[in-house]
Amino acid sequence: MSVPRRFRQAQWDEPLLKDLTRKGRTGFVPPKDGKIVAWTTGKELIPASLRRKEELKLPEISELQVLRHFNRLSQMNFSVETGTYPLGSCTMKYNPKVSEYIASSPRMREAHPLQSEETLQGLMGIFYDLSQYLCEITGMKRFSLTPAAGAQGEFAGVLMVRKYLRETGHPEKDEILVPDSAHGTNPASAAMGGFMVVKVPSDARGLVSVEEVRKVVSERTACMMMTVPNTLGLFESDVAKVAEVVHRAGGLMYYDGANMNAMLGKARPGDMGFDIVHLNLHKTFATPHGGGGPGAGPVGVSEKLQDYLPVPVVTKVDDRYHFDHELPHTIGRLKGCYANSAILLRAYCYIRLLGSDGLDNVSSLSVLAANYLLSRLNPNAFPIIQGKGLRRKHEAVVSVKGTMSGGAMKIAKGLLDYGVHSPTVYFPLTVEEALMIEPTETETVEALDEYADLLNDLFAKLERGELEDEPKNTSVKRIDEVKASHPLSLKVKW
C-alpha cells in the first residue's frame, strides 16, 4: 500500500523565529505622511516611569520570513479542511464559511463586552432568538448561553441540581448516577459539584438497563447523567423508563448533549424526561473547535429550574432586550462577560440557514454516513463488541480483532500518514482496543470509501507486523506518549 502523493507531507524541522534573527534586519515599516516611521514612534507619549528600561528583545527578521514561518506551521497542522476527521464524540464537521464571514464582520469584531445594552440591541436580539431556537430543538423551557464549553455547561447543570435540592429540602441527596460508557466529564463534573459518583453498568446490548438503575437508585439519588445516543452510537431505548425511575426517587435527569448531532429534528431530550440539557454548539451547530477552544456549551432547563440558570440571560421586554442578572435562585456568573459571542453568532447563522428541515437532514445524513462506513469495514478485522445487531446512530465503536495489544493505537498512527485523522481510540473503556468513528454528515461517499479502505488495508499491515513506528510522513513522528504525559516532561519555555 503506497502513500497517495496528495497525502505526502514535507519533512520540516521548523526553527523558532528567534533562531532566524539577524542584527539590523527588519520587516516593512509603513509610511506615514510620506515618510518612513521608526518603530519607536509614540514612545515620547508614554510616561518615563512606565517605559521599558531595556528594548524588547523581538526577533529581527524580514516580513517574508514571518510569512513563510507561519504558513509552514499551518501546513504542519491538521484540520477538517485538510482531510477526513472522524473523531468520535467530537463531531468534527465542516464549518460553513458563510458563518465565518458573518462572525468576522466589523459589527461583530468591534463589539465590546462592556458596551451598554442600548448599543448591543442587534446582537442581543440574535442571542435571544438563538436561545428560543435551542428551547424548541431540545424541549427545554429556558436557556442560558453563558457556559464557555460543554464541560462548563455540565458543571452549571450539576450546580443547579445541588442548589435546587437544597432549597427544596433535600440536602441528603448526594449521589449522581453515571453510566459506565459516559464521557469522562460526567463523573468529573459531578465530583466537582460535591456529589458522590455511582457507576451504572451497561447491559449486554451496551445500553443503560432499567433494572440496573433500580438497583442503585435510592433516597440519596440527586440526578442521573445520560448521553443519548450513548458513546457507542446507540439510542438509549429505555431512557423514558429510566427517567421515570429517577424522578420517582426525587432525582433529576441531566442530558449530555455531546451526541445531539444524531437527534436534530428526530427527538427532543425534554420529551424523554430530561430536566437539564447542555449543548455543544461547537460540535452540533458547526463552529470551529479543537486545541482547547473556542467553544460554547449553553445549558437549558425545564420550567421548575429556569430561575436557577447562570446569569445573565437575555430577556425581551416589549421591543427591547436586556441582560437579566436577577434570577431569584441563580447559581451566579460563570464568566466575567456574557459569553463566547462569536461562537453563538456562528451557531445562529447555521440554524437560520438550514431551518428545521435542514437540521433534520443533518441528523439523517450523519446517521447514514456512520452506518455506511461501518458496513464497509471488514467485520473480522473490526468486530462490534457491544450492541451487536443494533443500528448505530451518528458514530460507531469497533474493536481491533482479538483485542490485539496496542492495535488500535498502531492503526490510528498509521492513518495519519495518509492525510486523514484517526478516530478516537480506547474509548469508551467498555470496549477493548476501541476505535470510535464519527464521520459526520459533511463527508462525501468517496471520502467514506477511502477511509474504510485505509482501515482495512492498515489492519492487514498490522497482522503482518508492518505497523510499528508510524507515522512516518508527518512533520512530527511517533512520540513517547508516557513521557509526554508526565508533568516533568512538559516544557513550555526555552
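## Aromatic pairs

A search of the whole structure, which is a predicted model, finds 9 aromatic pairs. A pair of aromatic rings is described by the distance of the centres and the angle of the planes. For F285 and Y350, the ring centres lie 6.4 Å apart and the planes stand at 80°, so this pair is edge-to-face. The pair links distant parts of the chain, since F285 belongs to the loop between α10 (281-284) and β9 (299-301), while Y350 sits in helix α11, with the two positions 65 residues apart along the chain. Both F285 and Y350 are buried.

Another of these pairs is formed by F323 and Y338, whose ring centres are 4.9 Å apart and whose planes meet at 40°, so the pair is tilted. Here too distant parts of the chain are linked, with F323 in strand β11 (residues 320-324) and Y338 in the loop between β11 and α11, 15 residues apart. Both F323 and Y338 are buried, and together with F127 they form one aromatic cluster.

## Packing of two helices

Helix α11, which spans residues 341-376, packs with helix α13, which spans residues 445-463, at an angle of about 35°, and the axes of the two helices are 9 Å apart. The crossing of α11 and α13 is right-handed.

On the side of α11, the residues that take part in the contact are A369, Y372, L373 and R376, and they meet V445, L448, D449, Y451, A452, D453 and N456 of α13. Sorted by character, the residues of this contact between α11 and α13 comprise 7 nonpolar, 1 polar and 3 charged.

## Domains

The chain is divided into two domains, of which domain 1 covers residues 17-75 and domain 2 covers residues 101-353. How far apart do the C-alpha centres of domain 1 and domain 2 lie? The C-alpha centres of these two domains are separated by 45 Å.

## The position of L58

L58 is placed in the loop between β2 (35-36) and α1 (63-76). Is L58 buried or exposed? Its relative accessibility is 55%, and because a residue counts as exposed when this value is over 50%, L58 counts as exposed.

Along the chain, L58 and T21 are 37 residues apart, and in the model their C-alpha atoms are separated by 8.7 Å.

Terms used
Residues are numbered from 1 along each chain as its sequence is written. This is a predicted model: local features need pLDDT of at least 70, side-chain atom pairs count only at pLDDT 80 or more; totals for chains, interfaces and linings use all residues. Side-chain values use heavy atoms; hydrogens and water are left out. Helices (H or I, at least four residues) and strands (E, at least two) are DSSP runs, numbered from the N terminus. Buried means under 20% relative accessible area, exposed over 50%, partly exposed in between (1.4 Å probe, protein chains only). Domain bounds come from an automatic or database domain assignment. Axes are lines fitted to C-alpha atoms, for helices over the stretch in contact, and angles run from 0 to 180 degrees between N-to-C directions. A crossing is left-handed if the near helix is turned anticlockwise from the far one by less than a right angle, and right-handed if clockwise. Contact means heavy atoms within 4.5 Å. Ala, Val, Leu, Ile, Met, Phe, Trp, Tyr, Cys and Pro count as nonpolar, Asp, Glu, Lys and Arg as charged, and the others, Gly among them, as polar. Rings of Phe, Tyr and Trp (its six-membered ring) pair if their centres lie within 6.5 Å; planes under 30 degrees apart count as stacked, over 60 as edge-to-face and the rest as tilted.
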